[in-house]
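Please consider the structure shown here, with attention first to a local strand pairing and then to enclosed space.

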Amino acid sequence: MKSLTELRAWQELEQHATEMKPQHLRDLFATDTARAQRLALEAEGLFLDYSKNRITGTTLSLLLQLAAESGLRASIDAMFRGDQINITEKRSVLHTALRAPRDKQIMVEGVDVVPQVQEVLDRMAAFADRIRLGDWRGFTGKRIRNIVNIGIGGSDLGPVMAYEALRHYSLRDLRLRFVSNVDGTDFAEATWDLDAGETLFIVASKTFTTLETMTNARTARAWLLGQLNDEKAVASHFVAVSTNAAKVSEFGIDTANMFGFWDWVGGRYSMDAAIGLSTMIAIGPDNFRAMLSGFHSMDEHFRTAPFEANLPVLMALLTIWNTNFLGAGTIAVLPYDQYLKRFPAYLQQLTMESNGKHVTLAGAPVKYETSPIYWGEPGTNGQHSFYQLIHQGTRLIPCDFIGFAKSLNKLGEHQDILIANLFAQAEALAFGKTADEVRAEKTPEWLVPHRTFEGNRPSNMLLAEQLTPEILGKLVALYEHNVFVQGIIWQLDSFDQWGVELGKVLAVRIQPELTSAGALNHDSSTNALIERYRRMR
């Protein structure tokens, strides 16, 4: 297989980029009155306006050619077929099976996995209903009113994001809390006002050995027993999302209340499986199934739509263009809906843990930029924080704007003001404000440079009618497949995460050294820090 930079389309894009860099969006719109109509796509209840990217029809043609030369179609088919495309861990990548309908057949090593997935979902639904209806009682007979999810990474970020995104649909009699950080403050603040007799802990760890999660789980166990004073209480107040039945049982959890998942599901792709148990309890099985339906709809769109009319493919190609040919290093994700306040944080793991890689599938060093840094905040808060940098800073920062026509909370003119700001920001980023326009406002000459906006800042606009469980599923799947396409073109394994391992290994070595007086054998800086900590503690 040719390296990426040897592909004809890549080389032609490099030449094309030299022509496009001086182009301004003002001119591109002025010379093409149909641009906004041509560079837009509506599919699966989502409308994407990508006309405010610094592209032409030639750019798109070359990007689509790059996708073809990269073998994207074959790679999509391989993923949906269950091939072991996670080559460093020799695993299939089948998060799409988690939201497949009951009548679908998906084979992994000769076994149809759909019945297994549906069995877990059915057990989750039965359990969620017991909690929501008050049939599951705590050790002292009290109704469960507090759910505390203990996990980290994909076992935390997905459930937190989904709960916040769908809080409008949640059962308000239940309080959900999330503990992920091994910093004891996280657990202390999550539980300080809770009654142990009304609290259920969900411990989410595939191996039931994850350091941060199990440290917090053991603390939760001690906290519970400190109030209820009986080891038998653990089984009434803990359930597990895991595959390690022996460890779960040893902890005191009835394995009948253990919900499993599979090696072919990566942690950051698992919020729609058992990892989403807290989400299902909060919003109910029917809404959870609606979210899965949204996931599946986007899966099918991605699998079947031609690339020129394929939402994830187009968004991925625009990221490739902005990152590798226009020099952008980050992408700001800016949802204009308060319910999506944790969506940028969720995408940080999905994107950067997937494609933050420095070698190709073949193990060769990459010769181009891979994953941009994803970050963001909800609008309009961000406008009074970091938008100054996006508008007038020296860095090129493409933006993904996300908005909804209808608010879930209709209060006066709030939604119209919110959406006016959304559209205005995209317009200002694209077209800016020239010095002559500033002068026409009678601005003193010395102030003109400060009030001039260069513009020409690219953005995508994603619009939907309203934030529903189904739409959330489509949004998440859109970005999942977007990341997949980027990884295929960059020739990466998007489904491993070896980069998180080294720090964990060193931490295990350092931890006992913090409380001993033994000799140290690290670098001089780390040795000095450990010694200082010993004195300070």
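The paragraphs below treat a hairpin and then the internal cavities of this predicted model.

The hairpin is built from strand 1, residues 40–43, and strand 2, residues 46–49. These strands run antiparallel and are joined by 4 bridges. Across the pairing, Leu41 of strand 1 stands opposite Leu48 in strand 2. Between the strands lie 2 residues, and Glu44 takes a positive phi near 55° in this hairpin.

In a regular strand, side chains alternate between the two faces of the sheet. Strand 1 shows such an alternation: Leu41 and Ala43 point to one face and are buried, whereas Ala40 and Glu42 point to the other face and are not buried. Leu41 therefore counts as buried on the criterion of under 20% relative accessible area.

Attention now turns to enclosed space. Rolling a probe the size of a water molecule over the atoms shows where empty space is left. How many cavities of 30 Å³ or more does the model contain? The count comes to 3, and the largest cavity has a volume of about 60 Å³.

The lining of the largest cavity includes Asn53, Ile331, Pro398 and Pro458. The elements that give two or more residues to this lining are helix 14 (311–325), strand 12 (399–404) and strand 13 (459–464). Helix 14 supplies the largest share, 4 residues. Among the other lining residues are Cys399, Asp400, Ser459 and Asn460. By class, the lining of the largest cavity comprises 6 nonpolar, 5 polar and 1 charged residues.

Methods:
Residues numbered from 1 in each chain as written. Predicted model: local features only at pLDDT ≥ 70, side-chain atom pairs only at ≥ 80, totals over all residues. Heavy atoms only, no water. 1 Å grid on protein atoms, 1.4 Å probe; cavity = no way out; pocket = protein on both sides within 12 Å on 5 of 7 lines; lining within 4 Å. Points joined across faces, edges and corners; volume = space filled by probe spheres on them. Nonpolar A, V, L, I, M, F, W, Y, C, P; charged D, E, K, R; others polar. Buried < 20%, exposed > 50% of the residue type's maximum accessible area, 1.4 Å probe, protein only. Pairing = 2+ DSSP bridges.
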